Amino acid sequence: MEPQLSIDPVSDVEQLLSYPFMVNALEAGTIVAVMAAVVGWLMVVRRQSFAGHTLSLMSFPGAAAAALVGVPLAYGYYSFCVVAALVIATGAGLSLGRNRARESAATGTVQAGALALGFVFLSLYGGVLESLETLLFGSFLGITPGQVLTLLGVAMAVLIGLAVVGRPLLLASVDEVVARARGVRVGALSVAFLVVLGLAVAATAQITGALLVFALLIAPAASAQQLTARIGVGLALSIGLALVVTWVGLGLSYFTNWPVGFLITTLAFLQYAAASAARAFAGRRSRTGRQIGGPSGPTAATGASAGEPLAQSVGGS
Amino acid sequence: MLAQEFIRNALLAGSCIALASGAIGYFVVLRGQVFAGDALSHVAFTGALAAAAAGWDLRVGLFLGTVAVAIGLAALGGRAGADDTTIGVVFSWVLGLGVLCLYLYSSGSAGGNGTVAARTLFGSIFGLSAGEARVAAAVAIGLVLALVAIARPLLFATLDPRVARVRGVPVRLLGVAFLVLLGLDAAEAAQAIGALLLLGLLAAPAGAAHRLTANPRVGMALSMAIALGSVWAGVALAYAVPSLPPGSAIVGVAAGCYLLAAVAAGRMRGRGALPSQS
């Protein structure tokens with residue numbers, strides 16, 4: 001029963017896969033990694049990391065509320081994340097003074113208010129602190145085959161939804177003015193993306209916990225954008241990096257017995273640091289010539305000019 | 001209610017922390033650094049748990065952790081300040097470190113881990129001793145004074161960095177100093193309302209003030225007043241309703257003020273009392 005790491009990697013993997021709970025964890029982790037990588041890539045392009053982080057925290061009050069009412073936790077996750085996405089979208093649209101400062105203040109207030117609510121639910125429920133830890137930092141031990149199927153369904157819905165609106169959404173994210181001129185409904189797309197982000201985050205939070213969703217959402221996507229400015233390559237790279245982080249993190253956690261949240265976030269961070277270093281190195285080598293991928297890939301191209309319109313476009317128009 | 005010693009301690013520390021958070025929060029919102037404030041508040045969690053794992057006073061870890069990350073964010077950001085992708089990547093890792101500290105701490109001493117985690121995440125304003133409350137109050141007042149000292153150049157540097165730089169204002173240095181103040185404030189507020197909730201005290205009163213007035217002096221005073229009122233009302237509510245955690249009550253009142261301010265600002269604007277853009 002005691003996990004033993006041998007020299008032979010094949011037997012190690014066989015040992016991993018001999019436990020049904022590990023198989024479930026790996027399946028769930030794989031689904032979550034692919035979904036988080038794609039949604040996260042768009043999130044980074046749109047510079048909505050703060051909204052993404054806030055949505056990921058919504059899974060905590062969601063789960064606490066579900067525990068209090070006595071329904072399966074997943075209901076709480078999904079409903080709170082989606083409702084919070086709509087609240088943020090509405091709040092940002094309502095704010096007449098459209099600037100980033102006010103929008104981020106609204107997002108921050110929604111986040112703190114919902115967390116405060118979550119703590120009230122938890123204390124009403126009877127303050128089960130061990131489940132608090134699981135809610136916030138995740139657990140991959142108790143994943144059932146049923147949960148894996150639900151995750152698969154949600155991931156398919158998210159990815160198909162993004163595939164349908166992908167092209168106009170990307171245009172709206174990169175150049176809102178041109179998108180509007182071409183008749184793209186920028187406001188509606190922004191709301192739709194926030195809702196999709198909420199769904200993806202709710203699904204991911206069940207595996208990684210509310211606080212650590214972010215590692216899978218942002219780090220692989222940010223690393224991919226450090227390395228390439230091309231859309232298809234970037235998406236594929238983001239998915240690949242997220243898969244590696246998840247698999248290696250789960251495997252290491254099994255053999256070392258260290259918390260999976262720590263391993264996954266650390267791997268994700270190292271990967272981002274390596275990608276940044278690689279880009280800096282490549283940039284230095286080609287300083288005389290054309291800079292590889294521009295100053296910072298698509299984010300730099302969109303960031304300065306599109307950051308402000310993007311902030312406005314959430315629920316705008 | 002005031003006869004209880006823990007309430008007096010809570011009000012002393014809470015009031016000073018509210019004033020500091022209201023004042024610093026005003027600049028946080030003005031500078032669009034709410035996400036940085038959020039990141040620093042989560043860093044407070046890791047810092048406290050690391051101190052717990054090492055057997056130090058929690059406050060040492062809180063202050064060291066937040067100040068170190070504040071300087072790190074300032075260094076990573078360069079001239080424009082850290083963008084939100086960098087902030088996100090850094091602090092998700094710092095949270096991961098917090099999980100490791102929690103694991104090390106709970107495997108080191110059997111039991112009690114949930115208490116420390118919950119105390120760090122959600123604070124325990126009612127659990128402060130008289131000595132702790134006095135130290136917290138002194139540090140908070142020091143923060144307010146430090147902010148007042150740099151307020152004028154900081155405002156200039158925030159509103160128009162280029163002109164400020166030409167006039168010889170050390171814009172970069174002010175940015176670093178402000179992030180350090182923010183880190184210190186996060187460590188302060190984490191003791192009272194916890195690492196997860198302190199964003200409410202930073203963002204909600206300041207956001208409400210920004211909705212109601214464009215005048216920086218009035219806005220800052222308003223932000224401090226709303227934060228102070230939220231702490232008093234929250235403490236009173238939590239005292240009256242024992243099942244209501246004090247941190248949640250404080251943040252709930254603050255978020256309510258923000259909502260009221262947003263509605264009020266919308267109405268005033270509708271009647272033309274305020275300009276539609278500010």
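**Figure 1. Contacts and helices of chain B in the predicted model.** In chain B, 75% of the contacts between residues at least 6 apart in sequence join residues at least 24 apart. The chain has 11 helices and zero strands, and its elements read α-α-α-α-α-α-α-α-α-α-α from the N terminus on. Of the 278 residues in chain B, 58% are buried.

**Figure 2. Confidence along chain B.** The mean pLDDT of chain B is 81, and 88% of its residues score at least 70. Among the elements of this chain, helix H10 (residues 216-240) of chain B has the highest mean pLDDT, 89. The lowest mean, 62, belongs to helix H5 (residues 113-122) of chain B. For the model, ipTM is 0.77 and pTM is 0.78.

**Figure 3. Contacts and helices of chain A.** Chain A holds 14 helices and zero strands. Read from the N terminus on, its elements are α-α-α-α-α-α-α-α-α-α-α-α-α-α. Buried residues account for 55% of the 317 residues of chain A. Among its contacts between residues at least 6 apart in sequence, 76% join residues at least 24 apart.

**Figure 4. Stretches of chain A with pLDDT under 50.** The mean pLDDT of chain A is 75, with 77% of its residues at 70 or more. Over residues 94-98 of chain A, pLDDT stays under 50, and the model has 11 contacts beyond four places in sequence for this stretch. Residues 288-317 of chain A also stay under 50, and for them the model has 63 contacts beyond four places in sequence. Helix H14 (residues 297-313) of chain A has the lowest mean pLDDT among the elements of the chain, 36. The highest mean, 87, is that of helix H12 (residues 231-256) of chain A.

**Figure 5. The kink in helix H8 of chain A.** Helix H8 spans residues 145-174 of chain A and has a kink of about 65° at A:Gly166. The kink lies shortly before the proline A:Pro168. Buried residues in H8(A) include A:Leu151, A:Val154, A:Ala155, A:Val158 and A:Leu162. A:Leu169, A:Ala172 and A:Ser173 of H8(A) are buried too.

**Figure 6. The largest nonpolar core, with A:Val39.** The largest nonpolar core contains 207 residues. Those with the most contacts inside this core are A:Val39, A:Cys81, A:Leu199 and B:Ala254. Helix H2 (residues 20-45) of chain A gives the most to the core, with 17 residues. Leaving out residues up to four places away in sequence, A:Val39 touches A:Val158, A:Val196, A:Leu197, A:Ala200 and A:Leu217. One of these, A:Val158, is among the buried residues of H8(A).

**Figure 7. A:Asn24 in helix H2 of chain A.** A:Asn24 is found in helix H2 of chain A. This residue counts as partly exposed because 19 C-beta neighbours lie inside 10 Å, whereas a buried residue needs 20 or more. Not counting residues up to four places away in sequence, A:Asn24 touches A:Ile143, A:Thr144, A:Pro145 and A:Val148. A:Asn24 and A:Val148 are 124 residues apart along the chain, and their C-alpha atoms are separated by 7.0 Å. A:Val148 falls within residues 145-174, the span of helix H8 of chain A.

Note on methods:
Residues numbered from 1 in each chain as written. Chains lettered and ligands numbered in written order. Predicted model: local features only at pLDDT ≥ 70, side-chain atom pairs only at ≥ 80, totals over all residues. Helix = DSSP H or I, 4+ residues; strand = E, 2+ residues; numbered from the N terminus. Buried ≥ 20, exposed ≤ 12 C-beta atoms within 10 Å, placed from the backbone. Contact = placed C-beta atoms within 7 Å. Bend = angle between axes of the 7 residues up to and from the residue. pLDDT = per-residue confidence, 0-100. Core = buried A, V, L, I, M, F, W, Y, C linked by C-beta atoms within 7 Å.
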